[in-house]
There are 2 protein chains.
Amino acid sequence: MKTTIDNVHDYMQATGAKARVAAYILSRAETALKDKALLCIADLLIETKDHLQAENRKDLIAAKEKGLAPALVDRLALNDERINSMSEGLYQIASLADPIGALSDMNYRPSGIQVGRMRVPLGVIGIIYESRPNVTVDAAALCLKSGNATILRGGSEAIHSNRAIAACIQEGLLAVGLPSDCVQVIETTDRAAVGALLQLKDSVDVIIPRGGKGLIERVTKESLIPVIKHLDGICHVYIDDDADLEKAVRVAYNSKTQRYGTCNTMETLLISETVASTVLPRLADQYKTEGVELRGCPQTQKIISDCIPATDKDWGEEYLAAILSIKVVKGLDEAIGHINQFSSQHTDSIVTQDYSKARRFIREVDSSSVMVNASTRFSDGFEYGLGAEIGISTDKLHARGPVGLEGLTSLKYVVFGDGHIRQ
Amino acid sequence: MKTTIDNVHDYMQATGAKARVAAYILSRAETALKDKALLCIADLLIETKDHLQAENRKDLIAAKEKGLAPALVDRLALNDERINSMSEGLYQIASLADPIGALSDMNYRPSGIQVGRMRVPLGVIGIIYESRPNVTVDAAALCLKSGNATILRGGSEAIHSNRAIAACIQEGLLAVGLPSDCVQVIETTDRAAVGALLQLKDSVDVIIPRGGKGLIERVTKESLIPVIKHLDGICHVYIDDDADLEKAVRVAYNSKTQRYGTCNTMETLLISETVASTVLPRLADQYKTEGVELRGCPQTQKIISDCIPATDKDWGEEYLAAILSIKVVKGLDEAIGHINQFSSQHTDSIVTQDYSKARRFIREVDSSSVMVNASTRFSDGFEYGLGAEIGISTDKLHARGPVGLEGLTSLKYVVFGDGHIRQ
């Protein structure tokens with residue numbers, strides 16, 4: 001059954017208005033009620049698995065008919081494992097501490113008033129994402145726990161799956177007495193709906209796009225609403241003169257090969273000239289065993305045989321593939337300079353045993369995650385202990401790095417007086 | 001001497017590029033160096049007072065010739081008292097703790113890595129403001145202490161004063177060895193410079209407009225850069241059934257009359273019907289003594305003689321004047337409903353002795369400052385202990401309420417490992 005929507009603009013306006021009303025109710029909801037809703041949804045996903053998979057098959061068939069690449073079709077599939085994992089994710093989010101309403105730093109001032117801050121929801125969050133239907137559950141759950149209403153706009157190729165998942169979510173909300181409008185899935189695949197969503201500045205407080213660069217750029221350009229975004233993942237590892245070489249090899253190997261398609265995968269390896277001839281041949285052997293294509297600066301080419309010359313374009317490239325660019329640098333200053341010029345301000349790591357250089361690296365590298373002697377692959381909400389993440393922000397305002405529950409909240413000031421007035 | 005700038009767009013591009021370079025140096029500057037620069041500037045303002053006042057006179061003469069309202073001309077004047085106060089402000093900011101580089105919450109994770117966050121500058125901040133030349137010093141000093149480079153665009157009517165102040169600031173920066181580009185004042189009064197500034201998304205990280213509603217709206221609409229803004233100050237006091245009536249009268253009187261033209265002045269008084277006939281006559285007498293014009297709902301009009309009828313427009317009006325709108329409500333629910341509908345989400349206060357109602361008010365009122373038994377006039381960076389403020393944000397993302405040093409910073413993740421890799 002396909003919903004026909006004649007006037008997308010009016011439909012989106014109405015969606016925004018309903019979200020605003022629901023957000024107000026949700027912002028006051030007790031912790032236990034929100035957790036109960038999350039567990040209810042988790043159980044419903046398992047109970048209605050057959051239905052979810054039947055709806056998902058419609059998307060899979062359409063995707064194959066449209067000739068979608070097998071990797072993309074695979075990302076769309078809701079197999080048993082993925083449904084179980086969505087359900088487990090909800091249990092995890094329910095077990096996290098509720099950030100909302102927490103009061104902090106309530107200090108007395110010379111005037112006699114007591115001032116501090118309370119953590120509050122942002123309000124209504126619009127999430128625009130591509131393909132993977134599990135995002136529907138993850139995003140809705142994180143927003144729900146943090147007291148925010150959501151408007152979800154998934155990829156058109158997952159519309160049947162997303163609708164079926166949304167039905168579970170809304171049934172779970174209603175079961176505990178929360179408005180089903182706390183989580184709304186846009187019912188049309190019309191592209192104009194995205195444009196209309198980005199204009200709803202009175203009813204939507206923040207937009208979070210998740211997907212390819214084209215999507216992020218379109219959203220940033222068109223949105224009248226503040227955007228929390230993750231643009232690129234051009235991550236670096238710098239192997240310093242004073243690196244422990246065993247740690248260097250381990251970290252540089254893991255940062256590239258543990259997974260290729262993730263945003264926290266290393267794309268460029270920087271290495272100090274004093275250790276390059278010792279470390280690079282060993283690393284090159286390991287990379288080649290894994291089939292990683294190496295593209296090097298002239299000095300790298302002298303050290304490693306059959307290394308492709310890197311062009312200037314390589315330093316600004318997010319490969320998301322078994323390709324690595326390598327540059328030999330004079331030392332820490334050049335490494336920091338290169339990173340601050342070419343990094344996407346996502347995650348950058350130094351391998352060194354030198355205290356002062358480690359200290360300088362973490363202060364001077366302007367990225368959302370800076371690391372010492374650790375794999376860039378750790379840059380992740382679960383690994384950081386946030387419990388879950390809605391994405392990794394490469395913005396500077398509001399939320400930087402992995403965005404968990406706290407990134408979906410704000411702080412307001414609270415003042416307690418006892419009839420105090422200003423003199 | 002008037003600087004002629006042929007190509008405003010190129011000029012602004014160059015200004016942005018210079019700011020970016022300076023910001024990088026400033027982000028690494030030691031606390032003592034930044035403080036020394038602040039004190040140096042403070043002393044230079046006093047030493048060059050005669051020159052500042054001579055330049056200021058040019059602005060004052062031009063303003064009078066242009067027929068500017070006397071109140072506006074007065075705001076422009078740099079008398080001895082104002083110069084002293086600018087200088088003292090710098091001493092105060094120098095004495096505040098440096099937020100930059102502070103590490104917090106460094107916890108060990110099950111993987112063995114240690115994860116926490118470091119406070120870092122935002123980078124380059126563009127500040128667009130009207131008339132008062134003291135903003136030039138305040139804004140530059142807060143940004144300097146928090147490690148941010150600034151591009152300042154003041155009102156054209158204060159151009160000579162602003163240039164003279166900027167010269168002091170730059171001399172102070174150079175005296176301690178910091179780049180003078182850490183603080184740049186736009187050298188042209190061409191309005192196109194504002195438009196060009198708002199496009200510099202690669203070299204400016206955030207825009208802070210300070211001024212009237214027209215300016216804020218223009219900036220929000222045109223900017224490609226995130227904006228921290230303060231739109232309106234429609235503040236409320238709600239006198240509850242369970243209010244201590246002495247406190248109620250004191251808080252309601254102070255919130256309106258302590259100053260009329262500030263954004264944290266109460267514009268609408270809400271009062272529960274059970275206490276209206278007791279409290280309103282007493283308050284009305286006090287307001288009338290001060291010459292405050294009262295505009296009331298029908299019930300208010302029955303209680304107070306010679307009260308002007310309030311129209312629907314009054315509830316959404318920021319008077320910034322000796323005018324107060326008054327509404328009698330049924331109780332807490334109607335008060336919260338009215339506030340969340342009409343408040344500008346700035347500052348709202350309840351007067352009550354009831355524990356549960358105070359608790360509900362602070363949780364459910366969605367404003368940047370919520371108060372219990374305190375005057376709305378306390379909503380201010382100095383009163384809250386921030387030391388100084390660059391403005392009060394009515395936004396929800398990033399900074400809410402008075403924005404001090406912390407609001408001009410961000411947090412990045414720091415990870416310490418010892419050769420740790422992801423499994």
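## A tour from the axis to a buried proline

Start by selecting B:His398: of the residues of chain B, B:His398 comes closest to the rotation axis, with its C-alpha at 1.9 Å. Around that axis, the same surface serves both copies, and 100% of the contact residues of chain B recur in chain A. The model in view is a predicted one.

Next, show both chains together. A turn of 180° and a shift of 0.0 Å along the axis lay chain B on chain A with an RMSD of 0.1 Å. That is the relation of a two-fold axis.

Now go to the nonpolar core. Which residues touch the most other members of the largest nonpolar core? Select A:Ile41 and B:Ile41: they hold that place among the 244 residues of this core. In general, nonpolar side chains tend to be buried together in soluble globular proteins. Keep A:Ile41 selected and add A:Leu90, A:Cys168, A:Ile169 and A:Gly172, which A:Ile41 touches when residues up to four places away in sequence are not counted.

For the last stop, move to chain B and colour strand 6, residues 206-210. B:Pro209 lies in this strand. Is B:Pro209 buried or exposed? B:Pro209 counts as buried because it has 26 C-beta neighbours inside 10 Å, and the cut-off for a buried residue is 20 or more.

From B:Pro209, select B:Ile127: the two are 82 residues apart in sequence, yet their C-alpha atoms are 5.7 Å apart in space. Then add the residues that B:Pro209 touches, again leaving out those up to four places away in sequence: B:Ile128, B:Leu215, B:Ile216, B:Val219, B:Val227 and B:Lys229.

Methods. Residues numbered from 1 in each chain as written. Chains lettered and ligands numbered in written order. Predicted model: local features only at pLDDT ≥ 70, side-chain atom pairs only at ≥ 80, totals over all residues. Least-squares fit on C-alpha atoms with pLDDT ≥ 70 in both. Contact = placed C-beta atoms within 7 Å. Core = buried A, V, L, I, M, F, W, Y, C linked by C-beta atoms within 7 Å. Buried ≥ 20, exposed ≤ 12 C-beta atoms within 10 Å, placed from the backbone. Helix = DSSP H or I, 4+ residues; strand = E, 2+ residues; numbered from the N terminus.
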